[in-house]
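User: I would like a close look at one part of this protein and the elements around it, with the criteria behind each term spelled out.

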Amino acid sequence: MAKAKTANTALPGRKQYGYWKKLSLDFMKNPWLYLMLIPGLVYFLVFKYLPMWGIIIGFEDYSPFLGPFKSAWKGLYWFQRFFSTSKWVTYLTNTLILSFMSIIFTFPAPIILALMLNEIRSIRYKKVTQTLLYMPHFISIVIVVSITYVIFGTDGIIYKLTTQMLGRSIDYLGDPGVFRWMIVGQNIWKETGWGTIIFLAALTNVDTQLYEAAMIDGANRAQRLWHITLPAIRSTIVLMLVLRMGSVLDTGYEHLILMSNALNRSVSQTLDVFVYENGIKNGQLSYTTAVGLMKSLVSVVLVVSSNKIAHALGEEGLY
């Protein structure tokens, strides 16, 4: 019994030793692959993990002159202050509405476009089309907003055209009801082409023999798309959706600040805009750090929850 007990207690150590031995052998076999990991590891260590120590100022009355270790401790004061304001519901509501509109309309757009590109038979035409679709990704959001103002402003062609057709003017840049659709439309135009890269890569792994067998069985193009193509990239779609849930509360402040004005301010005020205006402009670093930490915690919960749902549905998920 004693020998058996000794063997059982030594088992975890043996497993750990076997893991490190296997890792060292793999490193000796592929040293350059591991060396290529160093820049990425250094990036995440310096810019992602080390700055996490800064969240301590969300629980302090932080003073840049005293530093994070000498500033007065406030505990949960900033969290209580945020939820005691009358506008926190407005900030959260605007953030959630814009985020879920983005998930519903922006997330499926690269999938649909990738399926359309996959149906193109001419390789040259397909490459040219892909290049043109990738280009908006590299355009600055400032330029995108400037183009929007030129086209949809009071002197723009879209404004004049809709006024003549409808007999009334539509304030695209000031109407709060149109503001969110403008943001979603700009994101679709800018990022849809770039987002097809992942799904097109997944489509290359589809066995062409499946299409040939389906054609022999009399399946048309729509049936092949539904029964072969979509199931083949379903795991990739689920994975990207799980990752997208981690940024539900991230709407980006640059885009909203550039598009916001006095008329649409009631719907353009999101949590990111709140953090920018109070943290960067007003210098309330502890206050906005607490709000940012709250956003991060919610994002972690959403990622873990969506990943468990993916496992329950039979998908691999993120981990």
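In which helix does I198 lie? Please work outwards from there to the neighbouring elements.

Analyst: I198 lies in helix α10, and the model in which that helix is seen is a predicted one, so local features need pLDDT of at least 70, side-chain atom pairs count only at pLDDT 80 or more, and totals for chains, interfaces and linings use all residues. Residues are numbered from 1 along each chain as its sequence is written, and side-chain values use heavy atoms, with hydrogens and water left out.

As for its surroundings, I198 has a relative accessible area of 40% and is therefore partly exposed, a class that lies between buried (under 20% relative accessible area) and exposed (over 50%), with a 1.4 Å probe and protein chains only. Once residues up to four places away in sequence are set aside, I198 touches T236 and M240, where contact means heavy atoms within 4.5 Å. The second of these partners, M240, is 42 residues from I198 along the chain, yet the C-alpha atoms of I198 and M240 are separated by 9.2 Å.

The residue just before it, I197, is also found in α10, and with a relative accessible area of 33% I197 is partly exposed too. For I197 the pair to note is V275, 78 residues apart from it along the chain, and here the C-alpha atoms are separated by 32 Å.

Helix α10 itself covers residues 176–203 and packs against helix α5, residues 88–106, at an angle of about 40°, with the two axes 10 Å apart. Helices are DSSP runs of H or I with at least four residues, strands are E runs of at least two, and both are numbered from the N terminus. The axes are lines fitted to C-alpha atoms, for helices over the stretch in contact, and angles run from 0 to 180 degrees between N-to-C directions. The pair α5 and α10 is therefore oblique, since angles under 35 degrees count as roughly parallel, over 145 as roughly antiparallel, 65 to 115 as roughly perpendicular and the rest as oblique. On the α5 side the contact is made by N94, I97, L98, M101, S102, F105 and T106, while α10 contributes R180, W181, I183, V184 and I188.

Following α5 away from α10, one meets helix α6 (residues 108–118), whose axis comes within 5 Å of that of α5 and crosses it at roughly 10°. That angle makes α5 roughly parallel to α6. The residues that make this contact are I103, I104, F105 and T106 from α5, together with P108, A109 and P110 from α6.

A further neighbour of α5 is helix α13 (residues 234–245), and for this pair the axes come within 12 Å and cross at roughly 170°, which makes α5 roughly antiparallel to α13. Here S99, S102 and I103 in α5 meet L241, R244 and M245 in α13. The residue range of α13, 234–245, also takes in the two contact partners of I198, T236 and M240.

Another part of the chain can be set beside this one. L285 lies in helix α17, which spans residues 285–312, and at 30% relative accessibility L285 counts as partly exposed. Leaving aside its neighbours within four places in sequence, L285 is in contact with I57, Y62 and G279, and its C-alpha atom is separated by 9.7 Å from that of E60, although their positions lie 225 residues apart along the chain.

For the setting as a whole, the protein chain holds 17 helices and two strands, and its C-alpha atoms fill a box of roughly 90 × 75 × 35 Å when taken along the principal axes. Of its 319 residues, 34% count as buried. Among the contacts in the chain with a separation of 6 or more, 66% are accounted for by residues 24 or more positions apart, and the contact of I198 with M240, 42 residues apart, can be read against that background.
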